[in-house]
Amino acid sequence: MYRILNAKLLADKIYLMDVEAPRIAKACQPGEFIIVKMDDKGERIPLTICDYNREKGSVTIVFQTVGASTERMAVLKAGDSFEDVVGPLGNPSEFVHEDIEELKKKKFLFVAGGVGTAPVYPQVKWMREHGIDVDVIIGSKSKSLLILEDAMREQAGNLYVTTDDGSYERKGMVTEVIKDLVQNQGKKYDECIAIGPMIMMKFVCLLTRELEIPTIVSLNPVMVDGTGMCGACRITVGGEVKFACVDGPEFDGHLVNFEEAMKRQMMYKSEEGRAVLKESE
Ligand code: NAD
Ligand code: FES
């Protein structure tokens with residue numbers, strides 16, 4: 001059993017939990033994810049790791065309630081437990097393997113959208129821990145849905161917050177901030193890392209391709225086993241079939257077939273898709 005040490009509501013329908021999982025906390029790296037299961041009947045829910053504390057032996061997850069399983073998860077409180085937590089799964093972000101001195105010469109732009117701010121946080125924190133200043137954009141629909149702003153501000157070199165409705169800081173989507181930074185403020189970036197809803201990652205990639213900024217995205221398609229066996233998380237990258245759980249979750253965003261990925265995501269949201277999913281379990 002994996003005990004919940006802390007559980008809180010971050011914003012409307014968005015929850016944060018610290019979960020006791022010493023083995024995962026010891027081994028995990030930015031970019032990786034875990035799969036949690038509440039009990040025997042529970043669906044397996046893949047969640048990117050938002051933070052980890054190696055001394056305390058805990059990992060932090062952030063999730064939004066989007067259906068029956070996440071709603072069941074949301075009522076759990078400190079002291080309750082998950083039956084199973086599997087991980088760390090997937091591959092760490094590529095930069096963790098790069099030479100630190102080489103990384104220090106590069107200028108990184110992180111783009112976080114909505115709940116996707118959670119997986120961006122450990123990457124930015126890793127950069128700060130290694131003495132690398134990065135620029136970060138957080139986009140949310142409105143002020144009430146903005147998460148992790150203070151935590152991110154502590155780790156980022158420059159933080160730019162934007163809301164779709166203009167209820168806080170800038171008004172507009174993340175792509176407008178990228179354009180402003182590069183085209184109006186003359187900023188130059190060697191690499192962009194964008195994590196958020198699929199539609200955001202698609203439009204960020206269309207823009208960064210134009211601006212010639214190599215871009216990494218983190219994909220979170222539907223997953224079942226998380227081990228490359230079931231095929232649920234199949235996507236196409238550069239014309240090749242890949243499985244997000246074992247080949248990713250991070251990919252070259254300029255090569256991802258977002259149209260197909262979004263269609264598959266919609267299919268799994270339908271009744272038919274859920275039936276397909278059940279059959280493959
Ligand atoms: P959202 O709809 O509130 O969007 C967040 C931000 O993305 C917006 O504020 C905007 O700045 C930007 N954006 C959205 N559409 C855009 C467009 N067409 N062009 C340019 N920018 C655009 O996000 P949300 O409701 O928090 O998103 C939830 C989704 O995020 C879920 O589908 C979930 O699966 C996904 N998610 C992905 C990851 C990941 O690892 N990729 C992690 C957590 C959540
Ligand atoms: Fe990736 Fe099953 S979840 S192959």
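These are my notebook entries on a predicted model, covering two sheets, some of their helices and the shell around ligand 1.

**Entry 1. The mixed sheet.**
I began with the strand order. I traced an open sheet of 7 strands, β11-β10-β9-β8-β12-β13-β16, with mixed pairing. I noted β11 (170–171) and β16 (250–252) as the edge strands, each of them pairing on one side only.

I then followed the pairings from β8 towards the β16 edge. Strands β8 and β12 are parallel and share 5 bridges. Within that pair, I found Leu109 bridged to Cys192 of β12. Next along, β12 and β13 also run parallel, joined by 3 bridges. Here Ile193 is opposite Ile216 of β13. At the edge the sense changes: β13 (residues 215–218) and β16 run antiparallel, with 3 bridges between them. Ile216 turns up again in this pairing, its bridge partner in β16 being Asp252.

I also checked burial in β12. Of its 5 residues, 4 are buried, and I put the strand down as mostly covered.

**Entry 2. Helices on the mixed sheet.**
I looked up which strands α4 and α7 cross. Helix α4 (residues 117–129) lies across β8 (108–113), β9, β12 (191–195) and β13, and its direction is at about 155° to β8. Helix α7 lies across β8, β12 and β13, at about 175° to β13.

**Entry 3. Helix α6.**
Which residues of α6 are buried? I listed Val174, Thr175, Val177, Ile178 and Val182. These lie on the same side of α6, because the arc they cover around the axis is only 160°. The background is simple: an α-helix has 3.6 residues a turn, so residues three or four places apart point the same way.

The face turned away from that buried side carries Gln183 and Asn184, both exposed. As for what the buried residues pack against, I recorded β8, β9, β10 (158–163), β11 and α7. After α6 comes Gly186, which has a positive phi, near 70°.

**Entry 4. Thr162.**
I picked one residue in β10 for a closer look, Thr162. Is Thr162 buried or exposed? I count Thr162 as buried, because 22 other C-beta atoms lie within 10 Å and the cut-off for burial is 20 or more.

Leaving out residues up to four places away in sequence, I found Thr162 touching Ile137, Gly139, Glu169, Arg170, Gly172, Met173, Val174 and Val177. Two of these contacts, Val174 and Val177, are among the buried residues of α6. I also took one C-alpha separation: Thr162 and Leu146 are 16 residues apart along the chain and 9.3 Å apart in space.

**Entry 5. Ligand 1.**
I turned to the surroundings of ligand 1. The shell holds 22 residues, and the closest are Gly113, Gly114, Gly139, Met200 and Phe203. Elements giving two or more residues to the shell are β9 (135–140), α6 (174–184) and α7 (198–210). Which element gives the largest share? I found α7, with 3 residues. By class, I recorded 10 nonpolar, 10 polar and 2 charged residues in the shell.

Gly139 appears twice in these notes: it is one of the closest residues to ligand 1, and Thr162 touches it.

**Entry 6. The antiparallel sheet.**
I then went to the other sheet. It is open, has 7 strands in the order β6-β1-β2-β5-β4-β3-β7, and its pairing is antiparallel. The edge strands are β6 (81–82) and β7, each pairing on one side only. Strand β1 (residues 2–11) runs antiparallel to β6, with 2 bridges. In that pair, Tyr2 is opposite Phe82 of β6. I noted that α4 packs on this sheet, touching β4 and β5 (58–64), with its direction at about 35° to that of β4. So far I have α4 against strands of the mixed sheet as well, β8 among them.

**Entry 7. Strand β3.**
My last look was at β3 (residues 33–37), which is mostly covered, with 4 of its 5 residues buried. I checked its pairings on both sides. With β4 (residues 45–53), β3 runs antiparallel over 4 bridges, and Ile34 is opposite Leu47. With β7 (residues 84–89), β3 is again antiparallel, over 4 bridges. There Phe33 is opposite Leu89.

How values were computed. Residues are numbered from 1 along each chain as its sequence is written. Chains are lettered from A and ligands numbered from 1 in the order in which they are written. This is a predicted model: local features need pLDDT of at least 70, side-chain atom pairs count only at pLDDT 80 or more; totals for chains, interfaces and linings use all residues. A residue is near a molecule or strand if its C-beta atom, placed from the backbone, lies within 6 Å of it. Ala, Val, Leu, Ile, Met, Phe, Trp, Tyr, Cys and Pro count as nonpolar, Asp, Glu, Lys and Arg as charged, and the others, Gly among them, as polar. Two strands pair if DSSP finds at least two bridges between them. Two residues are in contact if their C-beta atoms, placed from the backbone, lie within 7 Å. Axes are lines fitted to C-alpha atoms, for helices over the stretch in contact, and angles run from 0 to 180 degrees between N-to-C directions. A residue is buried if 20 or more other C-beta atoms lie within 10 Å of its own, exposed if 12 or fewer, and partly exposed in between; C-beta atoms are placed from the backbone. The arc is that of the directions from the helix axis to the C-beta atoms.
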